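Good morning, and thank you for making time for this presentation. I would ask you to keep the sequence and the structure in view while I speak.

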Amino acid sequence: MVFIDIVIFIVSLTLLIISANTLVKSSSSLAKVLRVPEFIIGLTVVSVGTSIPELATSIVAAIKQNSEIITGTIIGSNIANIGLILGIASIMVPIELKKKKFSLDSIFLVFISITLFILSLDQKIKWTEGLFFLLLFIAYISLLIKRSRKSEYVHLEENIVRHKISFFKNILTILFSFAFLYLGAEYLVKSASLIASIFGISEETIALTMIAVGTSLPELFVTLSSARQHKVSILMGNIIGSNISNTLLIFGSAAVISPIILSSFDVFIMLPIMITVSLLLYNFIKTTWFSRVLEGVLFLFFYLIFVLTIILLAPA
C-alpha cells in the first residue's frame, strides 16, 4: 500500500536525521575535549557526521547491489549541499572568510569530482577504484590533522557544543547512533524502491531528489545554525567536507562492497553538473562577501535548473 510505504519512508528519513544529529553532537563534544580548531571540526567531525545518512543509505544499497540509489544519493546530495544549502546560507548572512581559507579544500573537491568523472567514463566504479578513493580520503584527513597542529587552538562556544559529558557516554551514544542510522537506512532504501515501482519512476530519480535532499537535512540544520551564530568556519567546513566525504568515503566504501554501475545520464549529465557547482564553490570562496550574496541567488537558481533537468531528462 503506497500510503504505508510513504509513511515508512518519512519515518526512516526522520530516524536517519535524528541519529545523525545525535552523532554530530557526541562527536563534537569529544572534539572539544581534544581542543580541535573550528575549521578542522567543520571539515572532519561535523562534515563526516552529517554525511552519515548518505553513508548508511549507500552501504545498505551496496549490499543490495542497488547502484541507482547510491549514485543518486551521493551526486544529488553534493549538488544540494552547494546549490540549495550554501545558497540559502549566503542569503541569510554575510559570509566573510579569511584570505585563502578553504581554497585548497575547494580545489581538492574539484579535483576529486573530475577524477570521479574520469573513472566513471566506463560507467562502472570497481572495487579497486573504490579503494583508491578510501586511501585518498585517509591521506586528506591526515593532512588536515597536520594543519590542525599548526593552527592555534580555538575555544568552541557553548552554543556549538553545549554539554560536557563523559567520554564513555559519548562513545555509547555514538554506537547507538550508528545502529539507528543503519536501521533507518535499511527501511529508507526499501521504501524508496517500492515507491519508485508503484509510481513507475526510476529509483535514481527518487535518490537524486527525495533521498538526496532528505539525507542533506543534517547539513542544512548545521549550516543554518552556524549561519545564525556567524560560525562561518563551521558552515563552510561542513559543506566542503561533506562533499569530500560523500565522494571519497561514501563512494569508496560502497564500491569496495559492490561495483557501482552508472548510467549515461549519471556520467554525462549529473556528474558534469556536480563538477560545475564545485567550480562555482571555488569562485565563491575567492570573492567578497557582497558578491557571495549574489552568488547565493545564483546557487539557488542553479539548483532549480538541476531539479528541472531531473524531471525532464531522468530515465523512467
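Let me begin with a term: a residue is called buried when its relative accessible area is under 20%, exposed when that value is over 50%, and partly exposed in between. By that rule E129, with a relative accessible area of 13%, is buried. I shall return to E129 shortly.

Please bear in mind that this is a predicted model. The average pLDDT for the protein is 79, and 78% of the residues score at least 70. Among the elements, the highest mean pLDDT, 95, belongs to helix α5, residues 103–119, while the lowest, 68, belongs to helix α2, residues 38–50. Over residues 152–165 the pLDDT falls below 50, although this stretch has 25 contacts in the model beyond near neighbours in sequence. Where pLDDT is low, the predicted coordinates should not be read in detail.

I turn to the overall architecture. The protein has 12 helices and 2 strands. From the N terminus on, the order of elements is α-α-α-α-α-β-α-α-α-α-α-β-α-α. Of the 316 residues in the protein, buried residues make up 55%. If we consider contacts between residues at least 6 apart in sequence, 88% of them join residues at least 24 apart.

Next, the interior. Which residues of the largest nonpolar core touch the most other members? They are L86, I95, M236 and L281, in a core of 73 residues. Helix α10, residues 232–257, supplies the largest share of this core, with 12 residues. Taking M236 as an example, and leaving aside its neighbours within four places in sequence, we find it in contact with L86, I95, L97, F102, L281, F284 and I285.

Helix α10 deserves a closer look. Its 26 residues should span 38 Å at 1.5 Å a residue, and the C-alpha atoms at its ends are 36 Å apart, which agrees. There is nevertheless a bend of about 35 degrees at S245. Because 24 of its 26 residues are buried, α10 is largely enclosed by the rest of the structure. One residue of this helix is S233, which is buried with a relative accessible area of 14%. Although S233 and I40 are 193 residues apart in sequence, their C-alpha atoms are 8.5 Å apart in space.

A second serine, S278, is found in helix α11, residues 264–286. Is S278 buried or exposed? It is buried, since its relative accessible area is 1%, below the 20% cut-off. Not counting residues up to four places away in sequence, S278 touches I82, L109, V110 and S113.

Helix α3, residues 52–63, offers a further case. It has 12 residues and reaches 16 Å from its first C-alpha to its last, close to the 16 Å expected. With 10 of those 12 residues buried, α3 is therefore largely enclosed by the rest of the structure. Its buried residues include I52, P53 and L55, and also E54, T57 and S58. Following α3 comes Q65, whose phi is positive, near 55 degrees.

In helix α7, residues 167–199, I would draw your attention to A192. This residue is buried, with a relative accessible area of 0%. A192 touches F9, I69, I206 and I211, once residues up to four places away in sequence are set aside. Between the C-alpha atoms of A192 and S202, which lie 10 residues apart along the chain, the separation is 9.8 Å.

Finally, as promised, E129 and its partners. How many salt bridges are counted in this model? The count comes to 2. In one, K126 pairs with D122, and the closest N and O atoms are 3.3 Å apart. In the other, the side chains of E129 and K126 meet at 3.5 Å, N to O. Salt bridges that share partners thus join D122, K126 and E129 into one network. As to their surroundings, K126 counts as partly exposed because its relative accessibility is 32%. D122, at 45%, also counts as partly exposed, whereas E129 is buried.

To close, I would leave you with two points. Helix α10 contributes the largest share of the largest nonpolar core, and D122, K126 and E129 are joined into one network by salt bridges. Thank you for your attention.

Definitions and conventions
Residues are numbered from 1 along each chain as its sequence is written. This is a predicted model: local features need pLDDT of at least 70, side-chain atom pairs count only at pLDDT 80 or more; totals for chains, interfaces and linings use all residues. Side-chain values use heavy atoms; hydrogens and water are left out. pLDDT is the predictor's confidence in each residue, from 0 to 100. Helices (H or I, at least four residues) and strands (E, at least two) are DSSP runs, numbered from the N terminus. Contact means heavy atoms within 4.5 Å. A nonpolar core is a set of buried Ala, Val, Leu, Ile, Met, Phe, Trp, Tyr and Cys residues joined through side-chain atoms within 4.5 Å. Buried means under 20% relative accessible area, exposed over 50%, partly exposed in between (1.4 Å probe, protein chains only). The expected span of a helix is 1.5 Å times one less than its number of residues. The bend at a residue is the angle between axes fitted to the seven residues ending there and the seven starting there. A salt bridge is a side-chain nitrogen of Lys or Arg within 4 Å of a carboxyl oxygen of Asp or Glu.
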